Amino acid sequence: SLPGNLPQFWDGAGWSSDMQDIAPIGTEWEAPLGNSFSVIPHPGGGWLLTSCSLFGPDVGAWHSDALTGPFTYLGSIFTIVSEVPGQWQYGGQAFIASNGKLRICYSTYPNNNALTRADYTAYGVRWAEVDVPARP
């Protein structure tokens, strides 16, 4: 690795290059945090983290006053409805849309190759809009 390109880990007070120094960014993970998430400015102050547990269906939201946490669980803000039996959902990244709503981007996978070949739109990106959850 080139100098300066090494991973950095939050230790609770600053950034460290030693993974053993890592500090948790939250303690209230009532909903499973997925393998991908987004952190965006929370209207009114602080930070809003959104994520969908791996293969869904719930998209959860967490709030923190600091970008580095700790994050507090606000609840499920959207439930992805399966369009076909056995469909997987994943993603749950969000951003504030121009209309002030929270726009959630998620993906679907029908887990059925015959269906995917017959209808390519069964697999792909979907969008939903919900109200921005209130700060705690």
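Strand β4 spans residues 47-52 and is mostly covered. Five of its six residues are buried. This is a predicted model, and β4 is a good place to enter it.

Take the partners of β4 in turn. Strand β3, residues 37-41, is joined to β4 by five bridges. The two strands run antiparallel. One pairing to find on screen is valine 39, whose bridge partner in β4 is leucine 49. β3 and β4 form a hairpin with five residues between the strands. Look for glycine 44 in that hairpin: its phi is positive, near 95 degrees.

Strand β5 also pairs with β4. Six bridges join them, and again the run is antiparallel. Here leucine 48 stands opposite histidine 63 in β5.

Histidine 63 deserves a stop. Its strand, β5, covers residues 58-64. Is histidine 63 buried or exposed? Its relative accessible area is 4%, which is under the 20% cut-off, so histidine 63 counts as buried. Its side chain still has polar partners. It reaches the backbone oxygen of tryptophan 47 at 3.3 Å. It also makes a polar contact with the side chain of aspartate 65, at 3.1 Å. Tryptophan 47 lies within the residue range of β4.

Which residues does histidine 63 touch, leaving out those up to four places away in sequence? Start with His42, Gly45, Gly46 and Trp47. Then come Pro70, Phe71, Thr72 and Leu74. Arg135 and Pro136 complete the list.

Now move along the chain to a second hairpin. Strand β7, residues 88-96, is joined to β8 by eight bridges. These strands run antiparallel too. Five residues lie between β7 and β8. In the turn, glycine 100 has a positive phi of about 90 degrees.

Serine 107 sits in β8, which covers residues 102-109. Opposite serine 107 stands tyrosine 90. Serine 107 has a relative accessible area of 15%; that is under 20%, so serine 107 is buried. Its contacts, not counting residues up to four places away in sequence, include Trp88, Gln89 and Tyr90. Gly124 and Val125 are touched by serine 107 as well.

Val125 leads out to the surface. Together with Phe95 and Trp127, Val125 forms a nonpolar patch there. The three residues have about 310 Å² of accessible area together. Tryptophan 127 is found in strand β9, residues 124-130. Its relative accessibility is 51%, just past the 50% line, and therefore tryptophan 127 counts as exposed.

Step back to the whole chain. How many helices and strands does the protein chain have? There is one helix, and there are nine strands. From the N terminus on, the order is β-β-β-β-β-β-β-β-α-β. Of the 136 residues, 38% count as buried; histidine 63 and serine 107 are among them.

Contacts across the sequence round off the picture. Take contacts between residues at least 6 apart in sequence: 43% of these join residues at least 24 apart. On the outside, the protein chain exposes about 7900 Å². Carbon and sulfur atoms supply 57% of that area.

Technical notes. Residues numbered from 1 in each chain as written. Predicted model: local features only at pLDDT ≥ 70, side-chain atom pairs only at ≥ 80, totals over all residues. Heavy atoms only, no water. Helix = DSSP H or I, 4+ residues; strand = E, 2+ residues; numbered from the N terminus. Buried < 20%, exposed > 50% of the residue type's maximum accessible area, 1.4 Å probe, protein only. Polar contact = N/O pair within 3.5 Å; in protein donor to acceptor, adjacent residues only side chain to side chain. Contact = heavy atoms within 4.5 Å. Pairing = 2+ DSSP bridges. Patch = residues over 30% accessible without salt bridge, like charges linked within 9 Å, V, L, I, M, F, W, Y side chains within 5 Å. Areas by Shrake-Rupley, 256 points an atom, 1.4 Å probe, with all protein chains shown as cover. Salt bridge = Lys/Arg side-chain N within 4 Å of Asp/Glu carboxyl O.
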